[in-house]
Structures are given as C-alpha cells and as structure tokens.
Amino acid sequence: MGGATEDTVGGGPIMRIAAIGFMFFVSVAFGLSVGVWEKAFGSGDFAGAARRLDGVEKALALILAGRTDKAMRLLEGRSDVVSLRLFGYAACCEGRWSRALDAAKELLERNGDDMEAQAIYAEALLGLGDKVRAQAVLEKLPAQMSAYVRLRVALMFGEAEEARSAACELEKLTGCAEWRRIATLPDKK
Amino acid sequence: MEVEDRVVRWIVFAAVGAVFGVLIADELLLKDGRRLRGKVEKDGNAYIVRTRFGWVRVKADKVVDVIKGEATHRRGAEKASDSLLFEGSFEESYRRGVLFMREGKLEKGRFELLRALGMRPHDVRVWLKLGFTPTKDGWRYEARKVVKEQKRYEEVAKKVPVGEGAKARELVEKGLARLERRLRSRQKEVIPALPEQGEESGGWRWERTPYGWAWMPSNDWGWRVWQPFGWPLYRGNRCNITIYRNRLRNLTGRVWVGQRRIRLVEDP
C-alpha cells in the first residue's frame, strides 16, 4: 500500500507533465497548420503561408501571392493533374507559352473535357501566335474564362483593342468594374 | 511503475522522433547501386528526388527501394496539404463555397473556393469570390483589415468634385470641426491663427455669436489651424493645416482627417 502511494506520488507529475507537453506539442503543430490559410486571408500574406505549406498547396499559395515563377519551379517535374493545372496557369502568367502548352497537352491526353486544360491550351496557342486554333478552343470555354484568357494575352502583348473588348465582356459577365480599369477604358458617363 | 516508465519512454521517443524527423532526408536506392538523398515524392510511375540543388526524376523500374527518413510525419504543414485535396467536381466545390460564404461561414467557404481554384485557376469567378481584385499584373488581395481600414478612411476622405467650391468649403469646414473635436477630446486647445502669424493665416476665429462664443471660419484667404507653442512636436501631435482657398476652385483631392491632419492634394 505504502509502495503504491509512493509510486503515484513519484510517477504522477512526470507522467502528467510529459502527457500535457506532448499534447501541447501536437495541438500547436496541428493548430498552426490548420490556421495557415485563415491567417493568410486575414493578413493577405500568402507568401508567408507558402513558407508554411507544402506541395500543391504551397504552389497555390505562391500563385495567390503573385509569385508564379516560384510556383513554376516548385511544380516542375510533377505530373499529377492538380500540379499540371497549376503549372500551366503559372507558366501562362510568366509568358512561358511552350511550357504551358506541354502541360495542357498532357492534361488533355488524360481528360479531353478538362476546362482548365483547354483554357491553358488556348492561352498558350494565343501566346504562340496560333490564333485560328486558339479561337476554336476558346469557343468551347465558358464565356468568362474565354474572355479572361483573351484579356491576359492582349495585356501581355499590348493589344489595346482586344483587351478592351475582353474587359467589356468580363465586366458584363462578372459585374466587376475593375476590368475596365485594367484595359484603361474611359469611365462610363 | 514499470508500465508508467515505458509510457514515458515512448512519449519521449515519439517527441524526439518528431523533432529529429525534420532533419532526416529520404533515400532512393537505385538498381545500379547509387543512392539519391533528398525529399522523395511518388509521381505516377516515377519518383522525384528534390534536393536543395534541384530535382531529378527517376523511373520506378530503376528503383530498388525507398527509405523514408521519418519524413512522412514531418511537419504540421504536411497535414494542411492533406486537408486540401484538389479533387472532385469544380462546380460542386464552387457552388458549396459560394453558399458557405453567403451564410457567413467564411472559413468553410474559402476552403471550398480554394479547392475550386486549385482545379480551375482560370475561372475569374472564384478569384472574385475569394476577395481578389484583378489588376494588370495579376490578382491583388486586399485583406479584411486593409479593406476595413480603407472603408474607415473613405468615410472621412471625400472626393471634392471639380468646380464645386461651395461643397469643398463645406467639406473643409466639416473636417476642421471634426479635427477640433478630436483635439478637444485630447484636452488640447485649438487656437485661432492670428493675422500676424502669416499673410494667409486667417482660419477659425473665436467669435461672439448670438448663441455665445463659437469657432467660426473666417473669410480670409485661407484656413489654418495653428500648432500652439508648447505642444510636444512629435509626428502624431502635429497639427498645422493651411488650405488655400484660391486652390479650392480646381480641387480634386481628398480631405483626410484620420491622421489629425487635413491635406488637400491637388491633382497633378
């Protein structure tokens, strides 16, 4: 009896401290990981979130932070669908049309109906100057995606007229007035 | 006692393992006897080994074994990666995200929208729903705090339309009155600028009105709230405003009162 009491007195606190410490460690690690995106949306610091995340999510955070070059580097060599989509998008942002085209082709081989793959394909074709084939792909896309693709390429190549028409279309479709500002259109009177 | 000791030992091992697992890299054993060290990822029918110098892709049939250096339990961040699986239907995720956002469940809504964005980053609707604004260089996110702050400033900052001098004057007077209240609440005193302080001083005059003494805007050339001597001259306490009335006619700037300072900025 006396021995049992001694045991509880001697081992109890150590056990408790160790268990609490371990639980604390686990909960802190888990809490940090779960809250990464929420914190990023609270503060707008997606680059900070990217440092804490890993894999595809890191790439997405980098894209949200505007670091598409880093995202490309991170996703290079990956061949899963999500990575390819993000890689294709990032490559389009960076103007690396041939890389984007490769990613889109690979995606389309797996699934010909993949909208994102088609968007990347169309953008890459437009970027490479193949307007006829690009137009055929753009027609299959939802209107807002098609307009967005045209706007991006037009802005990159400084085609004011094309940018203007795409921006007008986007404004109508999304109700966001920023598109007009992007295409440097005069305000409505 | 023995059982407890064992439990404690296991806990210590687990904790040490979790900490040192970060430092241990994976190893890829190749059929030709080479060993590649780094972060190993399975990618379809191949492995990708990432090191700090670059990455290499090795076909699975050339690999004998993969020795994971405890890296599977590596970081808490890894859990977050698993939490966002970019799979399923885009439309479903988008629809759910929008619904959650409408209901005010921001966390869940963002989660679903992020998932949708991972599946279709070319879809502008998702970016807009997530609170991004399109710019020439890509998408810009204005965090809640920033937006809140901007709204607060927009309340005090009014755009003065061109050629509407009367409105501009009204705004300036309103702003000055607000500033005065603010300063008074800080137990400071706003002293009217005296004519000898400058040619264009004028400003608010302490005038006797039918309703008693009150601060009245003077009809002089400009308004000025003068910083009386004796106030500590640090940046937050600075209060020196001069508004030239002749410029008000063509004024298209903003009246800022948030910083305890009114600046009417002319368009270049």
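**View 1. The β2-β3 hairpin of chain B, with B:E41 opposite B:I48 in β3(B).** In this predicted model, strand β2 (residues 35-43) and strand β3 (residues 46-51) of chain B run antiparallel and are joined by five bridges. A second pair in the view is B:V40, whose bridge partner in β3(B) is B:V49. Two residues lie between the strands of this hairpin, and B:G44 in the turn has a positive phi of about 65°. In general, strands of a sheet pair through backbone hydrogen bonds, either parallel or antiparallel.

**View 2. The β1-β2 hairpin of chain B.** Strand β1 (residues 26-30) of chain B pairs with β2(B) in the antiparallel sense, and the pairing comprises four bridges. Opposite B:D26 stands B:G38 in β2(B), while B:E27 faces B:R37 of β2(B). The hairpin has four residues between its strands, and its turn contains B:G33, with a positive phi of about 95°.

**View 3. Strand β5 of chain B beside β1(B).** Four bridges connect β1(B) and β5(B), again in the antiparallel sense. One of the residues to inspect is B:L30, which has B:V63 in β5(B) as its bridge partner.

**View 4. The open five-stranded sheet of chain B.** The strand order is β4-β3-β2-β1-β5 and the pairing is antiparallel. Which strands form the edges? They are β4 (54-59) and β5 (63-67) of chain B, each of which pairs on one side only. On average, neighbouring strands of the sheet are turned by 40° against each other, direction ignored. As a guide to reading the view, side chains in a regular strand alternate between the two faces of the sheet.

**View 5. Two separate nonpolar cores.** The largest core has 71 residues, of which A:A61, A:L86, A:A90, A:I120 and A:A122 touch the most other members. Helix α5 (residues 81-94) of chain A supplies the largest share of this core, nine residues. Leaving aside residues up to four places away in sequence, A:A61 touches A:A40, A:F46, A:A49, A:A50 and A:L53. The second core has five residues, including B:L28, B:V40, B:Y47 and B:V49. B:V40 and B:V49 are also the bridge partners shown in the first view.

**View 6. Confidence along chain B.** The mean pLDDT of chain B is 62, and 38% of its residues reach 70 or more. Among the elements of chain B, helix α2 (residues 76-83) has the lowest mean pLDDT, 40, whereas helix α5 (residues 124-129) has the highest, 92. Residues 186-202 of chain B have pLDDT below 50, and the model gives this stretch 31 contacts beyond near neighbours in sequence. Over residues 220-268 of chain B the pLDDT also stays under 50, with 103 contacts in the model beyond four places in sequence. Where pLDDT is low, the predicted coordinates should not be read in detail. For the model, the scores are ipTM 0.80 and pTM 0.54.

**View 7. Chain B as a whole, for orientation.** The secondary structure of chain B amounts to eight helices and 12 strands. The chain has 268 residues, of which 22% count as buried. Among contacts in chain B with a separation of 6 or more, 40% are between residues 24 or more positions apart.

How values were computed. Residues are numbered from 1 along each chain as its sequence is written. Chains are lettered from A and ligands numbered from 1 in the order in which they are written. This is a predicted model: local features need pLDDT of at least 70, side-chain atom pairs count only at pLDDT 80 or more; totals for chains, interfaces and linings use all residues. Two strands pair if DSSP finds at least two bridges between them. Axes are lines fitted to C-alpha atoms, for helices over the stretch in contact, and angles run from 0 to 180 degrees between N-to-C directions. A residue is buried if 20 or more other C-beta atoms lie within 10 Å of its own, exposed if 12 or fewer, and partly exposed in between; C-beta atoms are placed from the backbone. Two residues are in contact if their C-beta atoms, placed from the backbone, lie within 7 Å. A nonpolar core is a set of buried Ala, Val, Leu, Ile, Met, Phe, Trp, Tyr and Cys residues joined through C-beta atoms within 7 Å. pLDDT is the predictor's confidence in each residue, from 0 to 100.
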